[in-house]
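Visitor: Could we go through this model by question and answer, beginning with its charged side chains and moving on to its sheets and surface?

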Amino acid sequence: MLLLGIDVGTSSIKVSVVDADSQQVVASASYPDLENPISTPQPGFAEQDPAMWWNCVQQAILKANATGAYNPKDIGAIGIAYQMHGLVVVDRNEQVLRPSIIWCDSRAVSYGEAAFQKIGSEKALSHLLNSPGNFTAAKLAWVKANEPKIYGSIYQIMLPGDYIAMMLTGSITTSNSALSEGIFWDFQSNQVSEDVLDAFGFPKTILPELHPLFSVHGEVKSSIADLLGLKAGIPVTYKSGDQPNNALSLNVLDPGEFAATAGTSGVVYAVTDQVKYDPQNRVNTFAHVNHQRDEQTRLGILLCINGTGILNRWVRDQFGSGLTYSQLNELAATVPAGSQGVRVLPFGNGAERVLENRTVSSTISGLDFNTHTRSHVFRAAQEGIAFSLKYGMDIMSTMGSPAKVVRAGKANMFLSDVFTESFVNVTQTPVELYDTDGSKGAALGAGVGLGYFQAPKEAFSRLTKVATVEPDASQADQYQEYYANWLSLLKKYLQ
């Protein structure tokens with residue numbers, strides 16, 4: 001039994017084919033080789049064309065097939081992970097009506113705030129566990145207000161992974177986890193929120209049919225199967241946002257367990273069995289992949305920093321054109337911890353939830369033209385990202401979710417010793433690094449949805465830990481000083 005996992009990222013699409021019995025990757029591929037663009041038609045806007053994702057998915061699958069490492073006809077199920085909170089709208093012919101408004105777009109903040117006030121802050125937080133903020137429901141409200149002709153043509157709204165599943169199968173479905181990330185789910189009544197629909201004036205019919213997250217979400221059409229060399233009728237049996245999926249891929253399923261990732265955005269994700277929320281909405285609470293209505297409470301408290309890998313890419317492109325990320329990391333490591341006073345705020349990629357949906361520009365501070373080089377900027381950028389995650393994790397601690405250990409895939413920025421050690425030392429939290437990623441997690445999630453595995457923990461019983469990075473007690477005081485200096489800079493910008 002082979003399982004296909006698709007990870008629809010912001011920068012690229014990655015697919016992995018996994019042997020269900022051994023739980024090991026047989027082949028994987030990413031597309032494109034360069035990073036996908038984000039369109040910014042106005043300041044604060046961020047859009048991508050869903051057709052671009054679909055083309056990349058097809059090319060990545062064909063690229064994996066071309067390795068010859070497996071027979072594509074042996075694939076028995078498909079799982080999909082995707083960038084969270086995006087809005088895709090289609091008409092009755094399943095034609096996309098406008099570019100997707102993606103997760104780092106800031107245009108809908110005021111619409112979410114208006115709905116928050118209309119519902120009432122106490123009721124919204126206790127039922128939704130979040131403000132509508134800048135999430136999918138608020139993005140749809142922006143379309144309704146600013147593009148009424150498009151809004152009037154909408155048949156169904158989707159998240160990015162739902163769109164890919166639709167293109168594969170012709171079916172449009174959702175789950176309570178997906179609805180919670182869009183801020184459509186009422187955790188008190190365990191159903192679609194009537195308050196949100198009423199506040200925004202949306203008909204319930206605009207939402208897809210509700211399915212369990214681990215279940216059949218459609219079967220691959222014959223025309224698509226022929227195009228991709230697959231068997232017709234393969235079921236899509238799992239769909240999840242990338243951060244719950246990342247937690248699943250790290251076997252983070254039980255209360256008190258933490259996962260982290262540092263791709264385009266940086267996330268720390270804690271699982272709890274308590275209904276918790278941050279009154280200031282700096283971190284957010286969603287249904288985890290193993291949350292079950294009326295049976296098992298499993299919620300994910302999610303801290304997101306928008307400007308993570310995108311900042312790392314920006315400093316490379318501006319100060320190190322032609323460098324690989326490995327070379328950038330090597331140069332960053334030549335500079336002592338603290339970057340000799342250079343400080344970077346990584347908040348330059350839209351409204352930051354951790355800053356109460358403020359749009360704060362990124363800042364490089366403390367440069368001395370006689371002392372500092374690009375290597376100082378490289379290191380300061382990675383330290384600034386680690387410090388921003390520390391800032392958010394302190395908020396999570398006040399909610400009763402302190403981290404004792406954090407699991408992460410050895411990928412993206414966790415490939416950098418500078419970033420990893422900065423994160424570990426400033427948070428004083430060990431990090432366990434595993435040989436896994438989102439596409440592998442999505443593949444094994446498909447095995448759970450298919451029933452090949454009886455439970456998620458069984459699907460990840462052979463997870464391989466490759467390293468543990470422990471805090472260096474001798475550097476704890478130094479890093480607290482570096483963090484205090486960084487925090488003083490941030491506070492200036494928040495005044």
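**Salt bridges, sheets and a surface patch**

Visitor: What is the distance, N to O, in the salt bridge in which the side chains of Arg107 and Glu47 meet?

Guide: This is a predicted model, in which local features need pLDDT of at least 70 and side-chain atom pairs count only at pLDDT 80 or more, while totals for chains, interfaces and linings use all residues. Residues are numbered from 1 along each chain as its sequence is written, and side-chain values use heavy atoms, with hydrogens and water left out. A salt bridge requires a side-chain nitrogen of Lys or Arg within 4 Å of a carboxyl oxygen of Asp or Glu, and for Arg107 and Glu47 the distance, N to O, is 2.8 Å.

Visitor: How many residues apart along the chain are Arg107 and Glu47?

Guide: Helices (H or I, at least four residues) and strands (E, at least two) are DSSP runs, numbered from the N terminus. On that basis Arg107 falls in the loop between β7 and α2 (109–119), whereas Glu47 belongs to strand β4. The pair therefore links distant parts of the chain, with a separation, in residues, of 60.

Visitor: Is Glu47 buried or exposed?

Guide: Buried means under 20% relative accessible area, exposed over 50%, and partly exposed in between, with a 1.4 Å probe and protein chains only. Because the relative accessibility of Glu47 is 7%, Glu47 counts as buried.

Visitor: Which other residue, in the loop between β6 and β7, is linked to Glu47?

Guide: Glu47 takes part in a second pairing, whose side chains meet in a salt bridge at 3.2 Å, N to O. The two partners lie 51 residues apart, with Glu47 in β4 (residues 47–48) and the other in the loop between β6 (88–90) and β7 (100–101). This partner is buried, with a relative accessible area of 9%, and the residue is Arg98.

Visitor: Which residues do salt bridges with shared partners join into one network?

Guide: Arg107, buried with a relative accessible area of 9%, also forms a salt bridge with Asp105, the closest N and O atoms being 2.8 Å apart. Asp105 is buried, as is Arg107. Shared partners join the residues into one network, whose members are Glu47, Arg98, Asp105, Arg107 and Glu147.

Visitor: Which strands stand at the edges of the open sheet of five strands?

Guide: Two strands pair if DSSP finds at least two bridges between them. The five strands follow the order β3-β2-β1-β5-β13, with mixed pairing. Each edge strand has a single partner, so one side of each is left without a neighbour in the sheet; these strands are β3 (24–31) and β13 (236–241).

Visitor: Which residue in β2 stands opposite Leu2?

Guide: Strand β1 (residues 2–8) and strand β2 (residues 13–19) pair in the antiparallel sense over seven bridges, and a hairpin of four residues joins them. Between β1 and β5, which run parallel, there are also seven bridges, and there Leu2 stands opposite Ile75. In β2, the residue opposite Leu2 is Asp19.

Visitor: Which residues of β1 point the other way from Leu2, Leu4, Ile6 and Val8?

Guide: In a regular strand the side chains alternate between the two faces of the sheet. Seven of the seven residues of β1 are buried. Leu2, Leu4, Ile6 and Val8 point one way, while those that point the other way are Leu3, Gly5 and Asp7.

Visitor: What average angle separates neighbouring strands in the open sheet of seven strands?

Guide: The seven strands, with mixed pairing, run in the order β16-β17-β15-β14-β20-β21-β22. Its edge strands, β16 (284–287) and β22 (465–469), each pair on one side only. With axes fitted as lines to C-alpha atoms (for helices over the stretch in contact) and angles between N-to-C directions running from 0 to 180 degrees, but with direction ignored for this average, neighbouring strands are turned against each other by 25°.

Visitor: How much accessible area do Trp314, Phe319, Ile364, Leu367 and Phe369 have together?

Guide: Patches are made of residues with over 30% relative accessible area and no salt bridge, like charges being joined within 9 Å and nonpolar side chains (Val, Leu, Ile, Met, Phe, Trp, Tyr) within 5 Å. Phe319, found in helix α11 (residues 309–319), is partly exposed at a relative accessible area of 33%. By the Shrake-Rupley method with a 1.4 Å probe, where for residues only the protein chains shown count as cover, the five residues of this nonpolar surface patch together have about 540 Å².
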